[in-house]
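Biologist: I am new to this structure and would like a close look at a single part of it. Could you take me slowly through one residue and its surroundings, and then outward from there?

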Amino acid sequence: QVQLVESGGGSVQAGGSLRLSCVVSGDTSPYYSMAWFRQAAGKEREGVASIYTGGHVIHYGDSVKGRFTISLDSAKKTLYLQMNSLGPEDTAMYYCAAIRGLAPSPLEHKAYYFWGQGTQVTVSS
């Protein structure tokens, strides 16, 4: 089993920044696909960014390209999401997810097995 615990969410004004963290624990193999998803009220879960630990292959959702950065500190077993130039449209619950190996569709939520509980991000205009 793998446990994922997110933190770093909060309330920020438009144009601001936040950094989310996801600490990974449990049975971890060397190669994982990890990702950030978000779900706004009344909307489907959306893939924000993903990274494959085997080669640091990274994907971003179109709505966050150029504003968000995903990174992984393997020594700390922590996944990060740096979010800049936030807008009200970024308001959502943000989730960390993982699956052993290379996810075939890295920004599709159905590709992931392990999930955190989520951290809320609220951006006011």
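Modeller: A strand, in the sense used here, is a DSSP run marked E of at least two residues, and strands are numbered from the N terminus. With that in hand, and keeping in mind that this is a predicted model, we can begin with Gln39, which is placed in strand β4. Gln39 is partly exposed, because its relative accessible area is 27%, and that value falls between the limits of 20% for buried and 50% for exposed. Setting aside neighbours within four places in sequence, Gln39 is in contact with Glu44, Arg45, Ala92, Met93 and Tyr95. Its side chain also makes polar contacts: the side chain of Gln39 reaches the backbone oxygen of Lys43 at 3.1 Å, and a polar contact of 3.2 Å joins the side chains of Gln39 and Arg45.

Arg45 leads us on to the aromatic rings, for its charged end sits over the ring of Tyr95, 4.0 Å from the centre, and also over the ring of Trp115, 4.8 Å from the centre. Tyr95 itself counts as buried, because its relative accessibility is 14%, whereas Trp115 is partly exposed, with a relative accessible area of 26%. These two residues form an edge-to-face aromatic pair, with 6.4 Å from centre to centre and 80° between the planes. The pair links distant parts of the chain, since Tyr95 belongs to strand β9 and Trp115 to strand β10, 20 residues apart.

The count of aromatic pairs comes to six, and another of them joins Phe37 to Trp115 in a tilted arrangement, 5.1 Å centre to centre with 50° between the planes. Phe37 lies in strand β4 and Trp115 in strand β10, which spans residues 114–115, so this pair ties together parts that are 78 residues apart in sequence. Phe37 is buried, with a relative accessible area of 0%. Taken together, ring pairs link Phe37, Tyr95, Tyr112 and Trp115 into a cluster.

From Gln39 we can also look across to Thr119, which is 80 residues away in sequence and 11 Å away in space, C-alpha to C-alpha. Thr119 is found in strand β11 and counts as buried, because its relative accessibility is 11%. A polar atom of the Thr119 side chain lies 3.1 Å from the backbone nitrogen of Gly9. Beyond four places in sequence, the residues that Thr119 touches include Glu6, Ser7, Gly8, Ala92, Met93 and Tyr94.

Tyr94 then carries us into the interior, where the largest nonpolar core has 28 residues, and Leu4, Met34, Trp36, Leu79, Leu81, Met83 and Tyr94 touch the most other members. Strands that each supply at least two residues of this core include β1 (2–7), β4 (32–39), β9 (92–100) and β11 (119–124). A second, separate core of seven residues includes Ala35, Phe37, Ala103 and Tyr112. In soluble globular proteins, nonpolar side chains tend to be buried together.

One covalent link completes the picture, as the whole structure holds one disulfide, joining Cys22 to Cys96 with 2.1 Å between the sulfur atoms. Cys22 lies in strand β3 and Cys96 in strand β9, so the pair ties together parts that are 74 residues apart in sequence. Both Cys22 and Cys96 are buried, and the torsion about their S-S bond is about -75°, so the disulfide is left-handed.

Terms used: Residues numbered from 1 in each chain as written. Predicted model: local features only at pLDDT ≥ 70, side-chain atom pairs only at ≥ 80, totals over all residues. Heavy atoms only, no water. Core = buried A, V, L, I, M, F, W, Y, C linked by side-chain atoms within 4.5 Å. Buried < 20%, exposed > 50% of the residue type's maximum accessible area, 1.4 Å probe, protein only. Helix = DSSP H or I, 4+ residues; strand = E, 2+ residues; numbered from the N terminus. Contact = heavy atoms within 4.5 Å. Polar contact = N/O pair within 3.5 Å; in protein donor to acceptor, adjacent residues only side chain to side chain. Disulfide = S-S within 2.5 Å. Phe/Tyr/Trp six-rings, centres within 6.5 Å; stacked < 30°, edge-to-face > 60°. Lys NZ or Arg CZ within 6 Å of the ring centre and 35° of its normal.
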